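Thanks for coming, everyone. Let's put the sequence and the structure up and walk through them together.

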Amino acid sequence: MSTQTTNAGSRPISAYLYKRAKLRLFGLIALPMFWIVGVYILSLFLLLITAFWFVDPFTSKVIPGFTLDNFISIFTVPAYISTSIRTLLIALAVTGLSVLFAVPLGIYMAKIARPWVRNALTVAITLPLWAGYLVKIIAMRLVFTEEGFFNWALAPIGISGPTFSIPLVILTLTYLWFPYMALPVFTAIRQIPPNLFDASSDMGAKGFTTIYRVVLPLIIPAIIAGSVFTFSLSLGDYLVAKFTGGSTQMIGSIIASNINLNPPVAAAFSMVPIAFVLIYLMVARRTGSLERM
Amino acid sequence: MYVPLLVLILNSFNQSNISSWPIAAFSFDWWQFAATYQPIRTALLNSIIVAAGSTLIAAFLGTLVAFALKGFDFFGKGTVNLLVVLPIALPGVVTGVAFSNTYNTFLSPAGFNIGYFGMIVAHATFCIVMVFNNVFARLKRMNPSLQEASADLGAGLWQTFRLVTFPQFRTAFVAGALLAFALSFDEVVVTIFTAPPGVDTLPLWILKEMSRPNQASVVNVVATLVILISLIPVYISQRLSRAPDEVR
């Protein structure tokens, strides 16, 4: 087409780039990749290296070297082991609790609620996510203190609420990360064709059985996607434990308390959540769940 | 889910200093106090600067990645996606500690003192994914033949982007940027580790005050403020990124 050949001369750069897809791709991706890999991944890598180093006991300065002591201490110091297990269990509990609430809510929103209710609920679930992490922790603290709202509300029934302890940590963490689980689950349930529900009840399944044998298997990728957040964020959390857990120690608490005096130990300990999340993400990627986030 | 937040907001009007319930008397005293108290104002300014800086960087980088992943199929595409999400999927302690370690153990002794900018770098890193998600989702919905038509008519790459592509994803871009701003504004854990000594962002100030029970109600005021400043961009963002078929 004659117009094109005439104009190509006035737009040499565009014409050049248009023909070379790889160059365009490179141009687009170079800068972000440099940032993420060169800044962030490098930092993580440096952290890994620091985990092998020493701390000079006299000057408290970090000395380059090579020692496996920091990693070994993760497995040998009893307090570290118990903290790791405790954190793992808390993270599992949070994930389980989130799924427990997310699935019925998702079914209600996807299949039963009217469109405006559904939209309102979607907004209602997402919005608190943005109210702020720290703010929500303060809010939970406020509600559950001795003279707080929770005890006042339940006083007529004679129950007093949880004090600052592990159950409250689990509750707060679930409160924090619930939207991360609810949204993918809701989206996935929405995509289940309605005739599957009909078929299931045709074959005699009651509500519960349908959920258990039809819905759950179909939304497993979404649950995995949601659980990446609920699990890893709980695994590495330390502020919740600090402010609502009383004296509960989690992996995050240990990392945070060690970073200034003993960076190598903190670095070694950080490898635990990193390793875990990486493995989890790689598994999730294979199930195709990453697109659902 | 909103009950704890409502309790918090109501408590910011609590006249007494102790956060007990039910509230005995309401007053605006604490709001007035907070408005003129210098550390809070400085912290607020810091929060805004850091959030704005990170949003700019994240918006730019996130858009680049979105275009790269949308228009091309290449080896390692999934890995790139993973890398973009990683800063936000990893716990804040890890990200914070990694950056802090790089700044303190490697950069400082080498004479490179990153200070304030270090916060912005860290925040920008985990904000990229916010912009990326929004822009990418919108790009997927866009019709590529419009770009092709533009090229057929003789427009160069930048011209096509400026006149055809950008107006189409503009709202998603703004939505993503707003989310990034809100995220950075309210972030505290990574900030704990990357803030230079003596510098506070608003959430950091709240954190430090939490260990002083006498100031409880001022903290509630500031916390309410943080809720508002985080929620408003998000609400606008939601409206902007709503698909045309969802708008009634």
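Which residues does A:V228 touch, not counting residues up to four places away in sequence? The list is A:Y280, A:L281, A:A284 and B:A89. Touching, or contact, here means that two C-beta atoms, placed from the backbone, lie within 7 Å.

Some ground rules first. This is a predicted model, where local features need pLDDT of at least 70, side-chain atom pairs count only at pLDDT 80 or more, and totals for chains, interfaces and linings use all residues. Residues are numbered from 1 along each chain as its sequence is written, and chains are lettered from A and ligands numbered from 1 in the order in which they are written.

Back to A:V228. It lies in helix α11 of chain A. Helices are DSSP runs of H or I with at least four residues, strands are runs of E with at least two, and both are numbered from the N terminus. A:V228 is buried because 25 other C-beta atoms lie within 10 Å. The cut-offs: buried is 20 or more other C-beta atoms within 10 Å of a residue's own, exposed is 12 or fewer, and partly exposed is in between, with C-beta atoms placed from the backbone. A:M181 is 47 residues away along the chain, yet its C-alpha atom is 8.9 Å from that of A:V228.

Stay on α11 of chain A, where A:L235 also sits. Why does A:L235 count as buried? Because it has 27 other C-beta atoms within 10 Å. Leaving out residues up to four places away in sequence, A:L235 touches A:T87, A:A91, A:I251, A:P273, A:F276 and B:P91. Take A:A91 from that list. A:A91 and A:L235 are 144 residues apart along the chain, with 5.5 Å between their C-alpha atoms.

A:I251 belongs to our next stop, helix α13 of chain A, residues 251-258. Seven of the eight residues in α13 are buried. They are A:I251, A:G252, A:S253, A:I254, A:I255, A:A256 and A:N258. What do they pack against? In chain A, the partners are α5 (78-112), α11, α12 (239-244) and α14. Chain B adds its own α5.

Now cross to chain B and look at helix α4, residues 77-89. It has 13 residues and reaches 18 Å from its first C-alpha to its last. That is close to the 18 Å expected at 1.5 Å a residue, where the expected span is 1.5 Å times one less than the number of residues. There is a kink, though. A bend of about 25 degrees lies at B:L83, shortly before the proline B:P87. The bend is the angle between axes fitted to the seven residues ending there and the seven starting there.

Past the kink residue, B:V84, B:V85, B:L86, B:P87, B:I88 and B:A89 are buried. Both chains help to cover the buried residues of this helix. Chain A contributes α3, α11 (207-235) and α14 (263-286), among others. From chain B, the cover includes α3 (38-71), α5 (92-107) and α6 (115-141).

That brings us to the interface. How many residues does each chain put into the contact? Chain A gives 69 and chain B gives 63. Helix α3 of chain A, residues 21-50, gives the most on the chain A side, with 16 residues. That side divides into 52 nonpolar, 12 polar and five charged residues. For this count, Ala, Val, Leu, Ile, Met, Phe, Trp, Tyr, Cys and Pro are nonpolar, Asp, Glu, Lys and Arg are charged, and the others, Gly among them, are polar.

Next, the core. A nonpolar core is a set of buried Ala, Val, Leu, Ile, Met, Phe, Trp, Tyr and Cys residues joined through C-beta atoms within 7 Å. The largest one has 154 residues. Those with the most contacts inside it are A:V185, B:A58, B:V131, B:A180 and B:V222. Helix α9 of chain A, residues 166-190, supplies the largest share, 16 residues. Take B:V131. Beyond its neighbours within four places in sequence, it contacts B:A58, B:A59, B:G62, B:T63, B:G176, B:A177 and B:A180.

Last, the overall tally. Chain A has 14 helices and two strands, and 41% of its 293 residues are buried. Chain B has 11 helices and zero strands, with 50% of its 248 residues buried.
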